[in-house]
Amino acid sequence: MALGISTTVNIEGADRGTAAQEPCVVVLDAHELIASSLVIALRHAGFERVSAVHPDAVDLGSANGSVELSPGDIVLIGLLYGDGRTTLPFIRPLVERGCRVLVMASDQGLPLTGDCLDRGAETVLDKGMSLDRLAAVLRRLSAGGCAMTEAERAALLESVQRHESAQQALQQPFQSLTEREADVLAALVAGKAPKQIAHHNGITVSTVRGHIQRVLSKLEVSSQREALAMARHAGWP
């Protein structure tokens, strides 16, 4: 695989029959400068079979790609794709092909990490990590090792599940709100005053205040300020 961001990657191709060789390391990142720099740095660190591919060039289903990824190859995926997209949909097809996927992200929040692991990624790496640490992980994988032990993976997934349960508990009180009450609270969270909400919805200010009082009652708080703090803490809406 030649270094190039326009290369098409086919993950359905036949094995190359080069089991004795070290695995290929493929950098799959939408930022050409980052991808090309990683290739150069990894080659300098001793990895001979390294290339970079832009996500737009990856063909997840066609059997006619110009480049093949074989089982055992290591794919470094930059999570952010641009325009609000991520490369999460790439993880499972690559894993099913037999590739070992490492996700690189600048935000390693538990929900993100859990999603990546659930799709089969080996781990989620901090994009700010040192090249030495990245090279150490790649060497471990190249030698047939793991990015994390099973115990570490299980502990991390347990942390993710606890976090998700806690988030669901924070969201639960808001499920009792009617659609109108939720709309009014969302407007308050966005910084709108009752008079603005009334004007926007074509209702009276007293009607808005009535909705606010019902919201306070259902959330079991005594003031609008408490309701807003509760909503922001829960990440609602």
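**Notebook: Thr123, the core and helix α9**

I looked up Thr123 and found 9% relative accessibility, so Thr123 counts as buried, the cut-off being under 20%. I note that this is a predicted model.

Next I asked where Thr123 is found. Thr123 belongs to strand β10, residues 123–126. I then listed the residues Thr123 touches, leaving out those up to four places away in sequence. They are Val101, Leu102, Val103, Leu117, Ala147 and Met148.

I turned to the largest nonpolar core and counted 23 residues. Leu28, Ile77, Ile91, Leu94, Val103 and Cys116 have the most contacts inside this core. Two or more residues come from each of β2 (25–28), β6 (74–78), α2 (88–96), β9 (100–105) and α3 (110–118). Which element gives the most? I found that α2 does, with four residues.

I checked Ile77 in the same way, again not counting residues up to four places away in sequence. Ile77 touches Leu28, Thr87, Phe90, Ile91, Leu94, Val101, Leu102, Val103 and Met104.

Last came helix α9, residues 224–234. I found Ala227, Leu228, Ala231 and Ala234 buried there. They cover an arc of only 135° around the axis, so they lie on the same side of α9. In general, residues three or four places apart in an α-helix point the same way, because there are 3.6 residues a turn. What do the buried residues of α9 pack against? I found α5 (150–171), α6 (179–189) and α8 (205–219). On the face turned away from the buried side, I noted the exposed residues Arg225, Arg232 and His233. Just after α9, Gly235 takes a positive phi of about 70°.

Methods:
Residues numbered from 1 in each chain as written. Predicted model: local features only at pLDDT ≥ 70, side-chain atom pairs only at ≥ 80, totals over all residues. Heavy atoms only, no water. Core = buried A, V, L, I, M, F, W, Y, C linked by side-chain atoms within 4.5 Å. Buried < 20%, exposed > 50% of the residue type's maximum accessible area, 1.4 Å probe, protein only. Contact = heavy atoms within 4.5 Å. Arc of directions from axis to C-beta.
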